[in-house]
Structures are given as structure tokens and as C-alpha cells.
Amino acid sequence: MNEQISVGFMVFVADGDEGIGSVRELRHGLPELVIYIENAGDFVVPLSAVDAVHSGKVILAWDRLNLRLQNAIAHARDSEDPDYVAPDSAEPEDE
């Protein structure tokens with residue numbers, strides 16, 4: 001790992017993919033961290049499941065995650081509205 005993990009780092013399952021959560025806690029003395037997965041809550045993840053750390057990102061190794069965590073990650077974006085379109089920045093905002 002190129003850099004030390006810090007609370008607040010974004011969590012990914014592949015570099016270049018969308019983030020699926022963030023680091024909530026580092027458990028010193030234990031080889032694990034707590035990550036928050038969107039729409040699922042907190043999960044304890046062994047450091048052995050971390051594939052890489054760089055640029056403020058933690059990349060997890062999918063094949064080293066338990067099925068419960070894999071399922072949570074697979075549904076991390078379920079509550080997003082697929083029809084949402086961001087407003088044009090040139091449009092004036094209503095007051």
C-alpha cells in the first residue's frame with residue numbers, strides 16, 4: 001500500500017469506478033477498519049481485503065469480501081433516481 005489509510009477516505013471496488021462508501025474508523029491493534037457503504041451502513045473489513053490505497057482512496061479486492069458486504073456494495077446505488085438531471089449551472093436559481 002502506497003499510503004496510510006485515514007478516516008474519510010473514499011472506498012472503491014475498482015480504481016476508476018464510482019465510490020461506494022467511506023472509511024469511518026481505523027481499528028488500531030486490529031487488522032481491520034470500519035467502512036460505511038451507501039444504503040447499507042457500517043461494515044468491518046479486514047485489512048487483508050484492501051487491495052490498494054492511494055490518492056485518498058481505498059480500493060477493496062472484491063474476491064476477498066464476504067457475501068454480505070458484496071451484496072451491500074452491489075446495492076449501494078439503489079436509492080439514486082436514474083432519471084435525475086442536474087440543473088444547468090447557467091440557469092438562475094429560484095429565490
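Start by selecting Arg 27: with 28% relative accessibility, Arg 27 counts as partly exposed. That label sits between two others: buried means under 20% relative accessible area and exposed means over 50%, using a 1.4 Å probe and protein chains only. Before you go on, note that this is a predicted model, where local features need pLDDT of at least 70, side-chain atom pairs count only at pLDDT 80 or more, and totals for chains, interfaces and linings use all residues. Residues are numbered from 1 along each chain as its sequence is written, and side-chain values use heavy atoms, with hydrogens and water left out.

**Stop one: charged pairs**

Keep Arg 27 on screen and add Glu 25. Their side chains meet in a salt bridge, 3.2 Å from N to O. A salt bridge here is a side-chain nitrogen of Lys or Arg within 4 Å of a carboxyl oxygen of Asp or Glu. Glu 25 is partly exposed too, at 34%. Now add Glu 32: salt bridges that share partners join Glu 25, Arg 27 and Glu 32 into one network. What lets such pairs form? Side chains of opposite charge can pair when their charged atoms come close.

Next, select Arg 24 and Asp 42, whose side chains form a salt bridge at 2.8 Å, N to O. This pair links distant parts of the chain, with Arg 24 in strand β2 and Asp 42 in strand β4 (residues 41-46), 18 residues apart. Strands (E, at least two residues) and helices (H or I, at least four) are DSSP runs, numbered from the N terminus. Arg 24 is partly exposed at 46%, and Asp 42 is partly exposed at 44%.

Then jump to Lys 57 and Asp 15, where the closest N and O atoms of the salt bridge are 2.7 Å apart. Lys 57 lies in strand β6 (residues 57-60) and Asp 15 in the loop between β1 (10-12) and β2 (21-27), so this pair ties together parts that are 42 residues apart in sequence. Lys 57 is partly exposed at 21%, and Asp 15 is partly exposed at 46%. How many salt bridges are there by this rule? The count comes to five.

**Stop two: Ile 35**

Select Ile 35 in strand β3 (residues 32-37). Is Ile 35 buried or exposed? Ile 35 is buried, with a relative accessible area of 0%. Show its contacts (heavy atoms within 4.5 Å). Leaving aside neighbours within four places in sequence, Ile 35 touches residues including Val 11, Val 23, Phe 43, Val 45 and Leu 60. You can also draw a C-alpha to C-alpha line from Ile 35 to Glu 25: they are ten residues apart in sequence and 7.0 Å apart in space.

**Stop three: helix α1**

Now go to helix α1 (residues 67-74) and pick out Gln 70. Gln 70 counts as buried, at 13% relative accessibility. Not counting residues up to four places away in sequence, Gln 70 touches Trp 62, Asp 63 and Leu 65.

Add the other buried residues, and you have Leu 69, Gln 70, Ala 72 and Ile 73. They cover an arc of only 160° around the axis, which puts them on the same side of α1; the arc is that of the directions from the helix axis to the C-beta atoms. The buried residues of α1 pack against β3, β4 and β6. Turn to the other side of α1 and you'll find Leu 67, Arg 68 and Ala 74 exposed.

Finish at the start of α1, where a side-chain oxygen of Asn 66 reaches to within 3.1 Å of the backbone nitrogen of Arg 68.

How values were computed:
Polar contact = N/O pair within 3.5 Å; in protein donor to acceptor, adjacent residues only side chain to side chain.
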